Amino acid sequence: MTDFAVWAPAPAVVGLDVDGVSHPMTSAGGGWWRTTLEVAPDARYGYLIDDDPQVLPDPRSARQPDGVHARSALWDETSATWTDDDWAGRDVEGAVIYELHIGTFTAAGTFESAIEKLDHLVDLGVDFVELMPVNAFSGTHGWGYDGVLWYAVHEPYGGPDGLVRFVDACHGRGLGVLIDAVFNHLGPSGNYLPRFGPYLSETTNPWGNAVNIDGADSDEVRRYIIDCALRWMRVFHADGLRLDAVHALVDTTAIHILEELAAETDALAAQLGRPLALIAESDRNDPRIVSRREDGGYGITAQWDDDLHHAIHTAVSGERQGYYADFGSIATLATTLRDGFFHAGTYSSFRRRRHGRPLPTSMIPATRLLAYTCTHDQVGNRALGDRPSQNLTAGQLAVKAALVLFSPYTAMLFMGEEWGALTPFQFFTSHEDPQVARATAEGRKAEFAEHGWDADDIPDPQDPATFQRSKLDWQEVHGQGHLPLLGVYKSLIRLRAEADLADPWLGHLAVDYDEDNRWIAMRRGRLLLVCNLGETAVSVPVHGEPVLAWGSPAFENHTTQLPGQSFAVLRA
């Protein structure tokens, strides 16, 4: 017998459809409707609302074999085959994370094909794989942030069974798995939740209506979110979640939903006997997100730090447009490396107001902030989806990598950056609703046209070629133009095992620089990183035993001679 239950306080009557046969459901109070039936293990089912003949998918569906508009399918989580009983998990703080998109990581774009590339990641030396959203969304391909059935695993990737095999394969190779979860909005196509109950609020965010997490009847909506989050870690053995744009989670209650989720995640970790992590994406520069709950914070494990990205990227590349306007100098880079945030109660010209709050560096270790040279956002949300490797020299890419991987911050790479991939990562969609598809394409062109781009140059997100262009070309990995950069990434990641680089406290980090000569030096214990961000050779007044270098530097007379766009790691 199978128990069916759905929270649907909005309709007066709810029915269950199983393989085309309707069955009545009983109101169980609190907006819940229930019934128990004997059905096939893979039965297709959905719900009937009032007198509407349309069969709606289960809001907590595990499988959507025919897409998000069709019936749900039962999936027995107890039938999953796991071989990771010995997996004890690993700590995400101080780790190296590798962000990837299943659909473009390989030519086939599935969990199975991604498993074939895991040995590359092991050889690279990363600790965690972070999957861009794998929840069910409208169409066959997309970034995944327009999810509408958060509990279901996107079927074209391989569905729930494919995700089980992928996570199991990662754990078998010593790799942890993080899953990107989007709880701040729902996609524009296939969102039937408002038919069931008050899942959405009147508050809006950049993607439409926000989720109702603090209004009337929001308790069950919060439970819907938290149960989904915990399910990725309990049922699919994920080692944590990346939480998308938490600044768009509008919560005016006394216990913020992030705090509530963090507490329940810690309880689940204790129950499972392995560490679990929550990593927030937030643009607020608010230390409370990663502060301990006993110190008045939310207790989130770590958060993305775009200030670090902006400071590194602009200093190396010279770009200054948009939100890069306040960054670019070596002094700004030094400040951000030392303090974690650049905007810390300071004026942001892009926002035209004060922004952020100082990070209490004596209380919060640097490992609770993520540093990176690029992400899916910082590539895919450029007009053409171009990577730094398509615009910068190999030396500039190596310097950026050194600044991230030598730093005390938790590090993250975006798929392909380790060899300087030349394929773009563009914004792509496959919306089935013609109106949504047209609005998405036109909105994308209009957005960048306002910033001076020719609308005809903006890739059409609905064009299948945009998706195909964004797939990694694995033949590049062994090309002569890519092997040196791949080698330096491997060396820098191995270097993070040095005892001197295990110190997470920013108060112990020393940074020196010369704005005019465009060099910067970062000391951690007995190890010193010196980088020349300029095009011409410079003499840096430091000396030591060479450990790792890019660009053939010379060491003499208590100085280091650095060619343009190069770095060296020295041991005192």
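This is a short talk on how one predicted protein chain is put together, from its overall outline down to a few single residues.

Okay, two housekeeping points before we look around. The model is predicted, so local features need pLDDT of at least 70 and side-chain atom pairs count only at pLDDT 80 or more, while totals for chains, interfaces and linings use all residues. Residues are numbered from 1 along each chain as its sequence is written, and side-chain values use heavy atoms, with hydrogens and water left out.

Let's start with the whole chain. It has 14 helices and 30 strands; here helices (H or I, at least four residues) and strands (E, at least two) are DSSP runs, numbered from the N terminus. If you lay the C-alpha trace along its principal axes, it spans about 85 × 55 × 50 Å. How does the radius of gyration fit with a compact globule? For 572 residues such a globule would be near 25 Å, and the chain has 25 Å, so the two agree. That radius is taken over C-alpha atoms, and the globule rule is 2.2 Å times the number of residues to the power 0.38.

Now, how much of the chain is buried? Of the 572 residues, 58% count as buried. Buried means under 20% relative accessible area, exposed means over 50%, and partly exposed is in between (1.4 Å probe, protein chains only). As for the outside, the chain exposes about 22,200 Å², and carbon and sulfur atoms supply 48% of that. Those areas come from the Shrake-Rupley method with a 1.4 Å probe, and for residues only the protein chains shown count as cover.

One more number for the overall fold: among contacts between residues at least 6 apart in sequence, 70% join residues at least 24 apart. By contact I mean heavy atoms within 4.5 Å.

On to the inside. A nonpolar core is a set of buried Ala, Val, Leu, Ile, Met, Phe, Trp, Tyr and Cys residues joined through side-chain atoms within 4.5 Å. The largest one here has 155 residues, and the members that touch the most others are Leu 131, Leu 163, Leu 403, Ile 520 and Phe 567. Which helix gives the most to this core? That's helix H6, residues 219–234, with nine residues. Apart from this core lies another one, of twelve residues, among them Ile 97, Ala 277, Tyr 372 and Met 412.

Let's zoom in on Leu 163. Leaving aside neighbours within four places in sequence, its contacts include Phe 111, Leu 131, Trp 232 and Phe 236.

Next, a pair to find on your screen: Leu 118 and Leu 175. Leu 118 is in helix H3, residues 118–124, and it is buried, with a relative accessible area of 0%. Leu 175 sits in the loop between helix H4 (159–172) and strand S13 (176–181), and at 1% relative accessibility it counts as buried. Beyond residues up to four places away in sequence, Leu 118 touches Phe 166, Ala 169, Cys 170, Arg 173 and Leu 175. Leu 175 has a list of its own, including Trp 87, Leu 121, Val 126 and Val 129. The C-alpha atoms of Leu 175 and Ile 97 are separated by 9.6 Å, though they are 78 residues apart along the chain.

Helix H3 also holds His 120. Is His 120 buried or exposed? With a relative accessible area of 16%, His 120 is buried. Outside its close sequence neighbours (those within four places), it is in contact with Glu 418, Trp 419, Trp 474, Val 477 and Leu 486.

Over in strand S24 we find Met 522, which is buried at 2% relative accessible area. Its C-alpha is 9.4 Å from that of Arg 338, and those two are 184 residues apart in sequence. Met 522 also contacts Leu 403, Phe 406 and Val 511, among others.

Last stop, two arginines. Arg 352 has a positive phi of about 60 degrees although it is not a glycine, and Arg 518 also has a positive phi of about 60 degrees without being a glycine. Where are they? Arg 352 is in the loop between strand S19 (346–348) and strand S20 (353–355), while Arg 518 is in the loop between strand S23 (510–514) and strand S24 (519–524). Arg 352 counts as exposed, at 68% relative accessibility, and Arg 518 is partly exposed, at 24%.
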